Amino acid sequence: MSQQDDLFPVPPLSVEVPQGLKEPRLWVRRLKIWEAPGGEVIRDIELRPGLNIIWSPDGDDDPNSDVRAIGHGSGKTLFCRLLRYCLGEVRFADEVQRDAISTTLLNGVVGAEVILDGACWAVVRPLGAQRKHFAIKDGDLDAVATMESAATGIEPLIDAIDAAILGEGTAQLARLSPDQHAWPIALAWASRDQECRFDDVLDWRSPASGSDAPQPASGDAKGPRLLAMRAFLMAITEDEQAARRREQEISVQLDEAKRQRSFLEWDQTRRVDRLVSDLGLSDTSLPEMPLLLDSLKSAARQRLAAAAKLPAGNSSELSAARNSLQAARATLREAELKVTGLEVKLPLEEKILSQLNSEIPGLSAAAQTATSPICPICEVPLDAALAEGCKLSHRLPDAAQCRARWNAKQQEVEAQEQVVSGVRTEIESTKPEIALAIQNVQQAEERVRRLEEAADARNTTWRTATRSVEDAQRCAELVDELAAAKTTISSADSELQRVREQVRGFEDKQAQTIGAISQKFSAIVRRLLGGDAKGTIRLTGKGLEISVEAGGDRRTAAIESLKVLAFDLSCLCLSIEGRTRIPAFLIHDSPREADLGQTIYDEYFQLLKQLEEELSGAVFQYVVTTTTKPPQGLNREPWRRVLLRGAPGSERLLRRDL
């Protein structure tokens, strides 16, 4: 293999610019930040086609400072996020940073001049409480920033990029949602989150960045992103997509058929086990299927015939027994209510008798006093008073009347005693009736229970026998359904294999596109690593396989980062040639921090500068932020566009500490 590789040496990187192309089809000419619409300008950063460096010196690299510089926290990532924001991304920072910025810049706005196919789009979006978003073609940025008219939203720019560069069919090829734009997904690839650390070509948006990126730009599943990338690279066709949709449909059908087969097998096993148990058969003496099915059907029919011969029972007898039970319960209830009423009445009658008895002593004393009355005033016997003459009393008590009252009260007492005695007698006489009624109820309940148990036993036997016949019949049907399910599975499996072969054939047809990327990738790898280094990119059933060889297969952290940068740059070159559906536009946020070596890093910058010079007119735009000092000769205009510092606050992107 090494001898064969030597016969075909890696050609140097070359890019053919389409005739008539003088500038990038999409690029950002300016980024501007205001305190408020029409207010103080915080930043006005001009960008250019080609290489644009945003440098934040770190350590001793700051040329204008005698103290050790702080390269981090200067706003490099925020600068990239604001570019993305003006190009259509939903958020410009995570929630914590958004709150801090909106609190500090309550009416702050950010704007950009976005050049699309030579036309300038003025884009203005809020940083604080303002909620108006503008994207106006051929608009003046400063004028748009102070507009009071109804907001247009950012959608006009996204629609224009989709229509002009990505094309209407790209979203369908990438299998996006029907109402989803393709540009936000392409933008995610063209401007990776720094949090992704340049670890993998399919890592675009990290959940830690809070960018609220739409699917499939973020998430753990890389398959949808690979599909979108292939759509952007023109490495997939509608026929392949149709084949892939068919593959997915068949896979779903196959999974459903397998689930159905598993259910049918479970149902058959359950019914057979129940038949064996209900019919009282021995597992050891049973034959295998399908003879087992015949044995079960025969035994079930015999059990049903035996159940049919059981006495059906007399329903009228059971009905009469239930009526007798109801009557016995009614009699018992009536006797119990009667006793309860008498037991409530007895204390009342006894109380009346007690009251009457309490009046007898008084009436008896009055009758005795009436025979020899004493004056109630002077306590002198009335006989003496009448004989001698009394000036105070002249009326005598009526002895006959007193005796009459005493006799009447005696009669009332005797009558009440008879009432109380009658109530007690009635209570005692009713108790045997209750005992007899309870006995009658118990006998009636026992009779009803025996009749119901006999009826239930017959019904249970009949139901069990009937269920056994139904189970045996269903088992026979399940045999046919299982056979049909297995046929369906076999057919779907064969069809799936055929469609997968077709998909692999489509993948082979895309070898030319992938090969073009691989050729540029290998040339870039050799330029960066020198010597006999080379790289390859292959599209397999598992995805993109990217490898770098430099004295053997290299898999260090620096090489993994290099793969991502070289891959993005390869696709950028292909976009310059017009062989993709994405613009020749890239934003790389601090790639040096992703373990990229200093030597490789410097050579990478020199390659971009050479690419810009050789393409005369810089028909691409590449924006890179860095804390590492750019190579000699590039750390100045026109390549270095702005210098940011982490301290003091006035040197940061927003010229203040948040």
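In what order do the 4 strands of the open sheet with parallel pairing stand? The order is β9-β10-β3-β11. This is a predicted model, and a second sheet is described further down.

**The parallel sheet**

Let's begin at the borders of this sheet. β9 (585–589) and β11 (640–643) each have a single partner strand, so one side of each is left without a neighbour in the sheet. Averaged over neighbouring strands, and with direction ignored, the turn of one against the other is 10°. Stepping inward from β9, we meet β10 (residues 621–626), which runs parallel to β9 and is joined to it by 5 bridges. Within this pairing, Phe585 has Gln621 of β10 standing opposite.

**The antiparallel sheet**

The other sheet is open too, with 5 strands ordered β2-β1-β4-β5-β6 and antiparallel pairing. Here the edges belong to β2 (41–46) and β6 (134–137), each of which pairs on one side only. From one strand to the next, the twist averages 15°. Taking the pairing at the β2 edge, strand β1 (residues 26–34) meets β2 in the antiparallel sense over 5 bridges. Trp34 finds its bridge partner in β2 at Val41.

This sheet also has a helix lying across four of its strands. Helix α5 (residues 155–166) crosses β1, β4 (109–116), β5 (119–126) and β6, and it runs at about 20° to β4.

**Two strand pairs side by side**

| Strand pair | Sense | Bridges |
|---|---|---|
| β1 and β2 | antiparallel | 5 bridges |
| β9 and β10 | parallel | 5 bridges |

Conventions. Residues numbered from 1 in each chain as written. Predicted model: local features only at pLDDT ≥ 70, side-chain atom pairs only at ≥ 80, totals over all residues. Heavy atoms only, no water. Pairing = 2+ DSSP bridges. Helix = DSSP H or I, 4+ residues; strand = E, 2+ residues; numbered from the N terminus. Axes fitted to C-alpha atoms, helices over the stretch in contact; angles between N-to-C directions. Contact = heavy atoms within 4.5 Å.
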